[in-house]
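The following exercises are to be worked through with the sequence and the structure at hand. Each task is followed by a solution in steps.

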2 protein chains.
Amino acid sequence: MNDVNQTNDVRILEYQANKLQELIGELHNCCKERYATEAKAFKVPQAELRCLMLFEGHKYLTGIQISGLLDVAKSRATVIIENLVKKGLVQRSQDPNDARVKLISLTPVGQRKVREIEEFMFTLHQQLLDHIDPIQRTGVISALETLRSSMESVKAQLA
Amino acid sequence: MNDVNQTNDVRILEYQANKLQELIGELHNCCKERYATEAKAFKVPQAELRCLMLFEGHKYLTGIQISGLLDVAKSRATVIIENLVKKGLVQRSQDPNDARVKLISLTPVGQRKVREIEEFMFTLHQQLLDHIDPIQRTGVISALETLRSSMESVKAQLA
DNA sequence: TTGACATCGTTCATGATGTGAACTATATTA
DNA sequence: TAATATAGTTCACATCATGAACGATGTCAA
């Protein structure tokens with residue numbers, strides 16, 4: 001009986017691991033698609049869009065900060081910023097305290113764009129919520145939190 | 001009192017939508033990172049790795065099938081396949097029934113690689129499961145299923 | 001104070017990921 | 001058999017990203 005239960009447990013674990021893999025993969029794909037659609041809709045490449053969204057709660061960001069927040073090389077940040085400047089969405093200015101650093105900030109046009117995108121994203125996630133039974137909502141959110149911390153543990157373990 | 005409750009409800013909805021956005025974003029980033037690590041570990045670019053994994057349960061795939069499954073243009077599939085052929089992981093052969101189509105299949109080396117990757121991914125997701133309290137596991141999985149179907153509904157609604 | 005070292009941003013070479021149009025060679029079908 | 005559709009390739013182009021080298025500053029210790 002104990003043996004049977006153990007075999008059963010292993011099977012369940014296997015099933016759950018595979019299910020997890022499948023579900024996470026699908027969620028990831030869904031997001032990828034969503035980001036691509038979003039970028040197209042707002043006529044800004046994904047990397048530039050991500051950069052714009054960093055200015056929520058920041059008036060100025062430096063190149064290094066942007067490359068850190070976007071998790072890309074600073075050479076990449078330079079290019080992204082350059083493209084946003086060309087589009088008139090952000091502007092560069094000198095840091096009065098340090099001649100090496102350039103302060104990047106949103107132009108009025110950039111601010112408007114950020115607000116539009118924020119609104120779009122918020123609406124989208126509200127719609128997502130709308131499609132979830134109200135009773136399940138907190139459960140889904142706490143499950144995601146559980147999953148997140150579990151993913152972080154695994155990541156920390158690997159590193 | 002009713003007014004107070006309604007305001008409260010709106011606040012909760014807002015909070016939940018933002019939380020959902022944050023959590024989904026983090027999960028997505030985590031996956032992105034994981035795929036990148038995986039590709040580096042197995043010394044195969046991500047796109048090629050994804051292509052290899054398509055052969056689970058398929059002896060042969062055509063270029064069109066691959067481009068469909070990977071959700072990329074067929075020109076992209078051609079290049080991915082070409083690179084995998086160069087690396088000796090897959091091989092091309094003629095379809096005896098249709099001279100236009102080429103049947104792609106794993107070489108023995110490719111099969112070994114796929115098994116290795118499968119094993120790695122399975123282990124990873126088991127570790128993920130290990131970090132989740134057994135009592136919560138089914139809850140997390142069903143929450144992900146709920147989320148997935150909700151995402152699909154939203155996607156369908158937009159299109 | 002000055003010399004060694006660190007930091008910020010830029011440029012460049014390189015590679016991965018991906019699309020769409022044009023093209024060749026085969027099917028299919030009216 | 002002529003028009004049309006399909007499979008795969010090639011090419012031009014765009015996006016995303018890294019790492020090395022470099023110039024201009026800033027910092028700090030001898």
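**Exercise 1. Classify A:Glu48 as buried or exposed, and describe its surroundings.**

Step 1. The relative accessibility of A:Glu48 is 5%. The cut-off for a buried residue is under 20%, so A:Glu48 is buried.

Step 2. In this predicted model, A:Glu48 belongs to helix α2 of chain A.

Step 3. When neighbours within four places in sequence are set aside, the contacts of A:Glu48 are A:Ile80, A:Asn83, A:Leu84 and A:Lys87.

Step 4. With one of these residues, A:Asn83, the side chain of A:Glu48 forms a polar contact of 3.3 Å.

**Exercise 2. Classify A:Ala36 by its accessibility, and state its separation from A:Ser75.**

Step 1. Helix α1 of chain A contains A:Ala36.

Step 2. Its relative accessible area is 35%. Partly exposed residues fall between the limits of 20% and 50%; A:Ala36 is therefore partly exposed.

Step 3. A:Ser75 is 39 residues from A:Ala36 along the chain, and 23 Å separates their C-alpha atoms.

**Exercise 3. Describe the protein surface near DNA strand D.**

Step 1. DNA strand D is surrounded by 22 residues, of which A:Ala73, A:Ser75, A:Ala99, B:Ile64 and B:Lys74 are the closest. Of the strand D atoms that come within 4 Å of the protein, 58% belong to sugar and phosphate.

Step 2. By class, this surface comprises nine charged, seven nonpolar and six polar residues.

Step 3. Consider next the phosphate oxygens. One lies 2.9 Å from a backbone N or O atom of A:Gln46. A polar backbone atom of A:Ala99 is 2.7 Å from a phosphate oxygen of strand D, and for a polar backbone atom of B:Lys102 the corresponding distance is 2.8 Å.

Step 4. Two or more residues of this surface come from each of α2 (46–53), α4 (74–86) and β3 (98–106) in chain A, and from each of α3 (63–70), α4 (74–86) and β3 (98–106) in chain B.

**Exercise 4. Carry out the analysis for DNA strand C.**

Step 1. Around DNA strand C there are 22 residues, the closest being A:Ile64, B:Gln46, B:Ala73, B:Ser75 and B:Ala99. Sugar and phosphate make up 58% of the strand C atoms within 4 Å of the protein.

Step 2. The residues near strand C comprise seven nonpolar, six polar and nine charged.

Step 3. A phosphate oxygen of strand C lies 3.2 Å from a polar side-chain atom of A:Thr78. Backbone atoms also take part: a backbone N or O atom of A:Lys102 is 2.9 Å from a phosphate oxygen, and a polar backbone atom of B:Ala47 is 3.0 Å from one.

Step 4. At least two residues each are supplied by α3 (63–70), α4 and β3 of chain A and by α2 (46–53), α4 and β3 of chain B.

**Exercise 5. Identify the residues that touch the most other members of the largest nonpolar core.**

Step 1. This core has 36 residues; those touching the most other members are A:Ile24, A:Leu144, A:Leu147, B:Ile24, B:Leu144, B:Leu147 and B:Met151.

Step 2. In both chain A and chain B, helices α1, α5 (108–130) and α6 (134–158) each give two or more residues to this core.

Step 3. Beyond its neighbours within four places in sequence, A:Ile24 contacts A:Leu147 and A:Met151 in chain A, and B:Cys31, B:His125, B:Leu128 and B:Leu144 in chain B.

**Exercise 6. Assess the confidence of chain A.**

Step 1. Chain A has a mean pLDDT of 93, with 96% of its residues at 70 or more.

Step 2. Within chain A, helix α1 (residues 2–41) has the lowest confidence, at a mean of 89, while strand β1 (residues 61–62) has the highest, at 98.

Terms used: Residues numbered from 1 in each chain as written. Chains lettered and ligands numbered in written order. Predicted model: local features only at pLDDT ≥ 70, side-chain atom pairs only at ≥ 80, totals over all residues. Heavy atoms only, no water. Near = heavy atom within 4 Å. Polar contact = N/O pair within 3.5 Å; in protein donor to acceptor, adjacent residues only side chain to side chain. Helix = DSSP H or I, 4+ residues; strand = E, 2+ residues; numbered from the N terminus. Nonpolar A, V, L, I, M, F, W, Y, C, P; charged D, E, K, R; others polar. Buried < 20%, exposed > 50% of the residue type's maximum accessible area, 1.4 Å probe, protein only. Contact = heavy atoms within 4.5 Å. pLDDT = per-residue confidence, 0-100. Core = buried A, V, L, I, M, F, W, Y, C linked by side-chain atoms within 4.5 Å.
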